[in-house]
Amino acid sequence: MQLIHHGGKNTVTGSCHELVFGDRSILIDCGMFQGADAQQLTEPFPLDNVKALVLTHAHIDHIGRLPWLITQEFDKPIYCTKATAELVPLMLDDGLKIQQGLTFEARKPIIEAIIRLLHPVDYYRWIDVDTFRCRFNPAGHILGSAYVEVMLPTQEVVVFSGDLGPSNTPLLPDPKPPKRADYLVIETTYGHREHEGVEYRAQQLRAIIERSLADGGTILIPAFSVGRTQELLFDIERLVYEKQIDADLPIILDSPMAQKVTQSYRRFKALWGQEAKERLEKHRHPLAFEQCIQITDYRSHQALVNRLASTGEPAIVVAASGMCEGGRIVDYLKVLLSDSRTDVIFAGFQAEGTLGRAIQQGESVVCMDGEEVEINANIHVMSGYSAHADQSELLHFIDGIEEKPQQIHLIHGEREAQRAFAALLREKGYSVVE
């Protein structure tokens, strides 16, 4: 058995790992590099021995290089969960449009080719993938996310964590460790940090909203279309329902992509966690409540940006992209970052080299489209909305494996996070490969 990393080894983006056994192999994810990671030169790798691609979830840093595979005439099956199969075309089409600037006519054959290769699979069901056997298990990261068990011809089991979600989130169930993992390949995004408790995040959000309402201005939330947006809407609906915030406060979802993904979340209610299902039983609609205003066309978006910039009226705006590297959030930031009444809430990981990272780190001025923008807005970081497990949760997942791993491979993390987590694991007697 050999493990080759084509991205995502010491970075938080670009995940792509090749599991080789003899003269055959499978790919686990094929993601795009983002932020500073995108500057590294990556050599195209041979696909002759690759018999299949297995996807852990539909975030671009795990699926963004699928169009490249198509240009290389890759024609092998792409296995993923049913929800991931629904999200992949949406995410890739959006990425090709916004990041690559491709027209609909140029995007269509690429997306259609990928759809033809998709093989949706139920959770918990072993499937034969050439000489390997694979099984998807809920990872609690986003809708359809999975960690993958791969059984080798030797009957040894290699587990790829994908991105593991945190514990006790209300919308998706917690990931449960496998019984066995001879080799564990695990993410370390927050291998060096602990999150604020999920139970406190709604209170934090309410406190920021109340402070903002006291002096007017807009609350901007750069949100990832898959996962974070839905978690935020879930908590905002609760605050409105419990009358902890004014029901007349405009809650604006300005992301056509996030709107489509939210519809997918609603279709896959069977995958929701218990708290979310209980709200449905009470005839509440946590992802489609009345106070949530959806902005679809670009003209309405531009009109809203101009209105908020000129009036300073209070509103909550949730818009993509999550790292502020494109999408409609950028238009809001251009005109509102310099206003001291503005609040910006970062609820997800900001990769090195992204605009979101620069704002989050406290830069006084940022460059946007060649223009310098002064930052006078109030900046907040809420780790309770992270879609990734923190150090304790990662450790809990590993310790929960009944048959202890012979070897743990650390991936999907910046060097500081990996070193800290590796030291902790070694103290507990695990064999670690960084």
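This note describes two sheets and the helices that pack on them in a predicted model.

1. The strands S1 to S6 make up an open sheet, arranged in the order S1-S2-S3-S4-S5-S6 and with mixed pairing. Its edges are strand S1 (2-5) and strand S6 (118-121), each of which pairs on one side only. From one strand to the next, the twist averages 25°.

2. At the S6 edge, the neighbouring strand is S5 (residues 78-81), and the two pair in the parallel sense over four bridges. Within this pair, Tyr79 stands opposite His119 of S6.

3. Two helices are placed against these strands. Helix H3 (residues 82-98) packs on the sheet and touches S5 and S6, with a direction at about 115° to that of S5. Helix H4 (residues 104-117) also lies across S5 and S6, and runs at about 45° to S6.

4. A further open sheet has six strands in the order S14-S13-S15-S12-S16-S19, and here the pairing is parallel. Strand S14 (292-294) and strand S19 (378-381) form the edges, each pairing on one side only. The twist in this sheet averages 20° from one strand to the next.

5. Which strand pairs with S19, and over how many bridges? Strand S16 (residues 343-346) does so, in the parallel sense and over four bridges. Val344 stands opposite Ile379, a residue of S19.

6. Helix H5 (residues 198-215) lies across strand S12 (218-222), strand S15 (315-319), S16 and S19, running at about 170° to S16. Helix H10 (residues 329-336) packs on the sheet as well, where it touches S12, S15 and S16; the direction of H10 makes about 140° with that of S12.

Conventions:
Residues are numbered from 1 along each chain as its sequence is written. This is a predicted model: local features need pLDDT of at least 70, side-chain atom pairs count only at pLDDT 80 or more; totals for chains, interfaces and linings use all residues. Side-chain values use heavy atoms; hydrogens and water are left out. Two strands pair if DSSP finds at least two bridges between them. Axes are lines fitted to C-alpha atoms, for helices over the stretch in contact, and angles run from 0 to 180 degrees between N-to-C directions. Contact means heavy atoms within 4.5 Å.
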